[in-house]
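Me: Got a minute to go through this model with me? I'd like to get a feel for it before I set anything up.

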Amino acid sequence: MSAFQILLLVGAYFMVLMLISYFTGKNDSNADFFKAGKQSPWYLVAFGMVGASLSGVTFISVPGWIEASQFGYMQVVLGYLFGYFVVAYVLLPLYYKMNLTSIYEYLLERFGVVSHKTGAFFFFISRVLGAAFRLYLVAIVLQQFVFDDLGVRFEFTVVISILLIWIYTNRGGIKTIVWTDTLQTLFMILAVVLSIILINRELDWSFGEFLVSEELKAYDKFLFTESFLDRNHFVKSFIGGMFVTICMTGLDQDMMQKNLTCKSLKDAQKNMVSFSLVLVGVTFLFMLLGALLFIYAGKNGISIPLMDGKPKSDLLFPEVALNSGLGITLSVTFMLGLVAAAYSSADSALTSLTTSFCVDFLEVEKKEESRQKQIRKRTHIIMSIMLILVIIAFKYILNSNVIDSLLTVAGYTYGPLLGLFAFGILTKQKIHDRWVWLVSALSVAIIWVVANIPSEYLGGYVLGYELLPLNGLLTFFGLWLIRKKGEKVSTVQ
């Protein structure tokens, strides 16, 4: 598939998104941008959230991670499943009871202004980095397989990507996202299913033959229980995955903003439960695809592509789909899936960043009504520029597999949010609000020091995703130290 053909395909795809934006963004109000008028059908939100949760990181990075981790990532995914039930039946009732626009307004009600700003700040950092990770991945693929051939610099690729997202989210915001996410999820699932079918056909296998093949057995190890010292031990992966979900979904404005557009709490809970079950199944398909890619590459002498002179396993899927001669159907399928996966998370991230900054930092709802829309639109532009700068920086500093990097960063940035919300929900204690920022900063600093202790100093124990709950526990303990002794709230919100 030529670079020009890929550009035409991407252009046609974005024309469809622009059309959706036109119909959903006619009102162009802050109420629709932030909450979609609280009229979103739960099943539409649930299906769209699959694409937003998986994103381009799963589409590219999970298949590329199979050789190094085999099916060990499913241990984390099972933890995700348990975490989604915590979100559905602990956090969502709280958010709906308080009728929140930004979920960090809970911290304002429970603790005070500093806690509110601290929570919003850590979300802001988390989502900027998370969205940048996801868009960086699609940008390097487009650069490697399209724009390098056209002599276009990586920086220009990033600018164009963000500009397109800004255009179709500028008016409708979350109301547009609910509908575009649905379309994007459909394309992504079709892409992985068709890719599995087409590559199996090329290998002269049926799907059943692939599942029982000796070649798959080289990659299908699921449970890692040999040594608790290892980073990927089942217990550590499961617990880490559970807390990643609680934080990256339940304490994340991006994911919760979609849930809060549902008509009722019951609808939002149906959305969360059904979405979590579908997500597990789809992730498993991605891992099967990853094993199939490595099998196909091995049988056909396809090497892992190089980026800046180093092997980049994240690029194996695009290499097989676009350059291995498997035909135009697989190429088109891959590109539609990639673009859909990447932008389904990036567009909602940009919208949620705009929402959080407007509500939590600028307090837009307290401004003159005539200025509220103008503030939101300017903030939307500033958030877009920030994402551009961070993505470009990643090209020069990111070395590891993208999904591993994403989950590692989550251990630092979501930990304080976990501690703050847990302390607010599980205790009745009041705190000295002015010291919350210091507690959160110290918790992150301590976790960073712990994470960098050589494993030989810990008896061979390798730290992994358990850094996130440990970070939350440290924050919880710090909040206990700054509690107001003898003072409690009348009820736990």
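Me: How many helices and strands does the protein have?
Reply: It has 20 helices and four strands. Those are DSSP runs numbered from the N terminus, with helices being H or I of at least four residues and strands E of at least two. Keep in mind that this is a predicted model, where local features need pLDDT of at least 70, side-chain atom pairs count only at pLDDT 80 or more, and totals for chains, interfaces and linings use all residues. Residues are numbered from 1 along each chain as its sequence is written, and side-chain values use heavy atoms, with hydrogens and water left out.

Me: What share of the residues is buried?
Reply: Of the 493 residues, 59% count as buried. Buried is under 20% relative accessible area, exposed is over 50%, and partly exposed is in between (1.4 Å probe, protein chains only).

Me: And how much of the contacts is long-range in sequence, say 24 or more positions apart?
Reply: Among contacts with a separation of 6 or more, 86% are between residues 24 or more positions apart. A contact here is heavy atoms within 4.5 Å.

Me: Let's look at helix packing. How do helix 6 and helix 19 cross?
Reply: The axes of helix 6 (residues 113-147) and helix 19 (residues 436-451) come within 8 Å and cross at roughly 35°. Axes are lines fitted to C-alpha atoms, for helices over the stretch in contact, and angles run from 0 to 180 degrees between N-to-C directions.

Me: Which residues make that contact?
Reply: Helix 6 brings Val-114, Ser-115, Thr-118 and Phe-122, and helix 19 brings Val-436, Trp-437, Ser-440 and Val-444. By class, that contact has five nonpolar, three polar and no charged residues. The nonpolar set is Ala, Val, Leu, Ile, Met, Phe, Trp, Tyr, Cys and Pro, the charged set is Asp, Glu, Lys and Arg, and the others, Gly among them, are polar.

Me: There's a histidine in helix 6 too. Is His-116 buried or exposed?
Reply: Buried, as His-116 has a relative accessible area of 3%. Not counting residues up to four places away in sequence, His-116 touches Tyr-104, Glu-105, Leu-107, Leu-108 and Asp-360.

Me: Switching to charges. How many salt bridges are there?
Reply: A search of the whole structure finds nine. The criterion is a side-chain nitrogen of Lys or Arg within 4 Å of a carboxyl oxygen of Asp or Glu.

Me: What does the salt bridge of Glu-466 and Lys-236 tie together?
Reply: Glu-466 sits in the loop between helix 19 and helix 20 (467-481) and Lys-236 in helix 11 (residues 234-250), so the pair links parts that are 230 residues apart in sequence. The closest N and O atoms are 3.8 Å apart. Glu-466 counts as buried at 13% relative accessibility, and Lys-236 is buried as well, at 4%.

Me: What about Lys-299, how exposed or buried is that one?
Reply: Lys-299 is partly exposed, with a relative accessible area of 47%. Its side chain meets that of Glu-215 in a salt bridge (3.2 Å, N to O). Glu-215 is partly exposed too, at 29%.

Me: Where do Lys-270 and Asp-267 lie?
Reply: Both are in helix 13, three residues apart, about one turn of the helix. Their salt bridge has its closest N and O atoms 3.5 Å apart. Lys-270 is partly exposed at 36%, while Asp-267 counts as buried at 15%.

Me: Which residues form a salt-bridge network?
Reply: Lys-117, Glu-363 and Lys-366 are linked in one.
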